[in-house]
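Visitor: I would like to learn how to read a model like this one, feature by feature. Where should we begin?

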Amino acid sequence: MYSCKVMSPKAYKSLVAERDSLANRTTNLEGELAQLQADTARLHNQLADLRKNNSVLNSNLDATSSKANELAAQTSRLAADLKKREARLKEVEDILKKRDEATNALKDKLQKALLGFQQSGLTVDIRNGKVYVSLADKLLFPSGSIIIDEKGKAALKQLAVVVNKEPDINMAVEGHTDDKKVKNLGQIKDNWDLSVLRATSVTRYLTETEGVDPHRLTATGKSEFQPIDASGTDEARAKNRRIEIVLTPKLDELYNLITK
């Protein structure tokens, strides 16, 4: 036989109250657990987002750093190139300055030497870094002739005195005519012939009589095609009939620089 204790109403009431308290605490704990689980999931998502953003930022930072390094290298290369170009520019400027100084000095010497002929159609000027001595045909030749007269020889003699002291000067003798057709000049067929033969006459006189080194000279004929004045007047034609002696300083130093 089993014996059974009868619980007093007070004890039963206390037990029920304890059970209810445990049930409430369990419910609260379950609610807290659910909240903690939700918070944990949210924090995991936030952490994942932060890691993603951090990865993007690091990638951007790497790209920015790489770009910055590339720009720094490019800047360094450009600075070095600029320095080289500035040095080359200075070198070219110095050589051109020497050329201009030599050209101006030569012009001054020729003007002084040929001063007595400047009223007879002789001019000395500088064009494109070269000295041009222009002699009107009437100063050198009788009309339609290729034979240099005495006044022309005197002018060429004074020019030769200067150029023989300037071994670093090359010369081109250019014959020019007006646009009138050649008539009754024997073997001279046209203005091409006349311009070339007058240029070679001057060249021969300078080399054979005045001792100018022939290696320094070139004779060319331009005929009527490089006029000073194309207006077609008698005065213009007189200007166009001329011998031009073009004196050029030897530019070996500049040529060597250019071909580097």
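Visitor: Which residues are linked in a network of salt bridges?

Guide: First, keep in mind that this is a predicted model. The network of salt bridges links Asp125, Arg127, Arg242 and Glu244. Across the whole structure, a search finds 15 salt bridges.

Visitor: How do I read a salt bridge within one helix? Which residue does Lys90 meet in a salt bridge?

Guide: Look at the spacing in sequence and at the accessibility of each partner. Lys90 and Asp94 bring their side chains together in a salt bridge, at 2.9 Å from N to O. Both residues belong to helix 1 (residues 9–113) and are four residues apart, about one turn of the helix. Lys90 has a relative accessibility of 45%, so it counts as partly exposed. Asp94, at 32%, is partly exposed too.

Visitor: And a salt bridge between parts that are apart in sequence? With which residue does Asp137 form one?

Guide: Here, ask which elements the partners come from. Asp137 forms a salt bridge with Arg241, and the closest N and O atoms are 3.2 Å apart. Asp137 is in helix 2 (residues 137–140), while Arg241 is in the loop between helix 5 (234–240) and strand 5, so the pair ties together parts 104 residues apart in sequence.

Arg241 also forms a salt bridge with Asp178, with 2.7 Å between the closest N and O atoms. Asp178 sits in the loop between strand 3 and helix 4, so this pair ties together parts that are 63 residues apart in sequence.

Visitor: Is Asp178 buried or exposed?

Guide: The cut-off for buried is under 20% relative accessible area. Asp178 has 8%, so it is buried. Asp137 is buried as well, with 11%. Arg241, at 25%, is partly exposed.

Visitor: Now the sheet. What is the order of its strands?

Guide: Read a sheet by its strand order, then its edges, then its pairing. This open sheet has five strands in the order 1-2-5-3-4, and the pairing is mixed. Its edge strands, strand 1 (122–127) and strand 4 (217–223), each pair on one side only. On average, neighbouring strands are turned by 20° against each other, direction ignored.

Visitor: In which sense do strand 3 and strand 5 pair?

Guide: Strand 3 (residues 169–176) pairs with strand 5 (residues 242–249) in the antiparallel sense, over eight bridges. To place the register, take Met171, which stands opposite Leu247 in strand 5.

Visitor: Which helices should I relate to these strands, and at what angle do they run?

Guide: Note which strands a helix lies across, then the angle. Helix 3 (residues 150–163) lies across strand 2 (130–136), strand 3 and strand 5, and runs at about 5° to strand 5. Helix 4 (residues 191–209) lies across strand 3, strand 4 and strand 5, running at about 160° to strand 4.

Visitor: Let us end with a single residue. Which residues is Ser201 in contact with, leaving aside its neighbours within four places in sequence?

Guide: Locate the residue, then its accessibility, then its partners. Ser201 is part of helix 4. Its relative accessibility is 16%, so Ser201 counts as buried. With those neighbours left aside, Ser201 is in contact with Phe141, Ile146 and Ile148. For Ile146 there is a further detail: its backbone oxygen lies 2.8 Å from a polar atom of the Ser201 side chain.

Note on methods: Residues are numbered from 1 along each chain as its sequence is written. This is a predicted model: local features need pLDDT of at least 70, side-chain atom pairs count only at pLDDT 80 or more; totals for chains, interfaces and linings use all residues. Side-chain values use heavy atoms; hydrogens and water are left out. Two strands pair if DSSP finds at least two bridges between them. Helices (H or I, at least four residues) and strands (E, at least two) are DSSP runs, numbered from the N terminus. Axes are lines fitted to C-alpha atoms, for helices over the stretch in contact, and angles run from 0 to 180 degrees between N-to-C directions. Contact means heavy atoms within 4.5 Å. Buried means under 20% relative accessible area, exposed over 50%, partly exposed in between (1.4 Å probe, protein chains only). A polar contact is a pair of N or O atoms within 3.5 Å; within protein, one must be able to donate a hydrogen and the other to accept it, and residues adjacent in sequence count only if both atoms are side-chain atoms. A salt bridge is a side-chain nitrogen of Lys or Arg within 4 Å of a carboxyl oxygen of Asp or Glu.
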